[in-house]
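Please go through this structure strand by strand, and then through its side-chain contacts. The description below follows that order.

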Amino acid sequence: NNNFQDYIINISKKDFLVYVPVNSSFKIEVINFNFDNDSDRFFTNIKISGNDFIPVITSINGFARSVIKVPVLAKKLKKGQVINNSHIHWIKIAENRMNDNYIIHLDEIIGMQTNRSLNKGKPIKRIELRNVRLVEKGKPVTIIVQSGLMKIKTIGQALQNGSKGEFVRILNLRSKKTISGIVVAENEVRIPLNNNISFLSK
């Protein structure tokens, strides 16, 4: 099998020591290596041999956990910032520390907006990002109704935040009526034709 995997090795025997003569030429061989995929535990014997000392065989056990590369922030970002490639660098982390709550693919991060202030160097959770908000609650928006060649525009106020393609509630500042529309661009909302066009009137 030519597929190689990186691992983080944690040796249980912290005081593992082997003494060899000073300036000795020696080699290390791994023998009887056993690995349990379910627990990530390993057990092995190693043989240390040289021309000027009796070979030493000792045992080592511990954990060998596979690692993956994940994108993290290269610097701290404030809430509402849009992430681009310059904000990202990669780290290796034990695969068992990751779950579906974390993002491991770059294309799921670039162009997204932070939901809160994020620190650098930590895996990014899905809940910490959102689609870029094009409409913000309480801010003015252009309301558009179009049928064929006819296009009507008026000014309204967003009653909730919204990203492209999302439905948001809009207040017509002239008629004081409320209706739902689709966010189509920054501060622009289109009203579907099946909604009452009287929304635009006084």
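The paragraphs that follow take up the strands, the aromatic rings, the charges over a ring and the salt bridges.

The model is predicted, so local features need pLDDT of at least 70 and side-chain atom pairs count only at pLDDT 80 or more, while totals for chains, interfaces and linings use all residues. Residues are numbered from 1 along each chain as its sequence is written, and side-chain values use heavy atoms, with hydrogens and water left out.

Begin with the strand pairing. Strands here are DSSP runs of E with at least two residues, numbered from the N terminus, and two strands pair if DSSP finds at least two bridges between them. Strand β3 covers residues 41–50 and runs antiparallel to β2, to which nine bridges join it. Within this pairing, Phe26 is placed opposite Gly50 of β3. The hairpin of β2 and β3 has four residues between the strands, and in it Asp40 takes a positive phi near 65 degrees. On to the next strand: β4 spans residues 53–73 and pairs with β3 in the antiparallel sense, again over nine bridges. Asn45 faces Ser59 of β4 across this pairing. The connection from β3 to β4 is a hairpin through two residues. In a regular strand the side chains alternate between the two faces of the sheet.

That alternation is a useful background for strand β1. Tyr7 belongs to β1, which runs over residues 7–11. Together with Ile9 and Ile11, Tyr7 makes a nonpolar surface patch of about 270 Å². Such patches are made of residues with over 30% relative accessible area and no salt bridge, where like charges are joined within 9 Å and nonpolar side chains (Val, Leu, Ile, Met, Phe, Trp, Tyr) within 5 Å. The accessible areas come from the Shrake-Rupley method with a 1.4 Å probe, and for residues only the protein chains shown count as cover. A residue is called buried under 20% relative accessible area, exposed over 50% and partly exposed in between (1.4 Å probe, protein chains only). Tyr7 has 43% relative accessibility and therefore counts as partly exposed.

Which aromatic pairs does Tyr7 take part in? A search of the whole structure finds two aromatic pairs. In one of them, Tyr7 and Phe35 meet edge-to-face, with 6.3 Å centre to centre and 80 degrees between the planes. Tyr7 lies in β1 and Phe35 in β2 (residues 26–36), so the pair ties together parts that are 28 residues apart in sequence. Phe35 is partly exposed, with a relative accessible area of 29%. Phe33 and Phe42 also pair: because their ring centres are 6.0 Å apart and their planes stand at 15 degrees, the pair is stacked. The rule behind both labels is that rings of Phe, Tyr and Trp (its six-membered ring) pair if their centres lie within 6.5 Å, with planes under 30 degrees apart counted as stacked, over 60 as edge-to-face and the rest as tilted. Phe33 is partly exposed at 48% relative accessibility, whereas Phe42 is buried at 8%.

Another ring, that of Phe63, has charged side chains over its face. Arg41 lies 4.7 Å from the ring centre of Phe63, and Arg65 lies over the face of Phe63 at 4.4 Å from the ring centre. A charge sits over a ring if NZ of Lys or CZ of Arg is within 6 Å of the ring centre and within 35 degrees of the ring normal.

Now turn to the later part of the chain. Pro123 sits in the loop between β6 (113–114) and β7 (129–130). Its relative accessibility of 17% means that Pro123 counts as buried. The C-alpha atoms of Pro123 and Val72 are separated by 5.3 Å, although these residues are 51 apart along the chain.

The salt bridges come last. A salt bridge is a side-chain nitrogen of Lys or Arg within 4 Å of a carboxyl oxygen of Asp or Glu, and by this rule the count comes to four. One of them joins Arg126 and Glu108 at 2.7 Å, N to O. This pair links distant parts of the chain, with Arg126 in the loop between β6 and β7, Glu108 in the loop between β5 (88–94) and β6, and their positions 18 residues apart in sequence. Arg126 is partly exposed at 38%, and Glu108 is partly exposed at 28%. Glu128 and Arg116 form another salt bridge, at 2.5 Å from N to O. Both of these residues are in the loop between β6 and β7, twelve residues apart. Glu128 is buried at 9% relative accessibility, while Arg116 is partly exposed at 44%.
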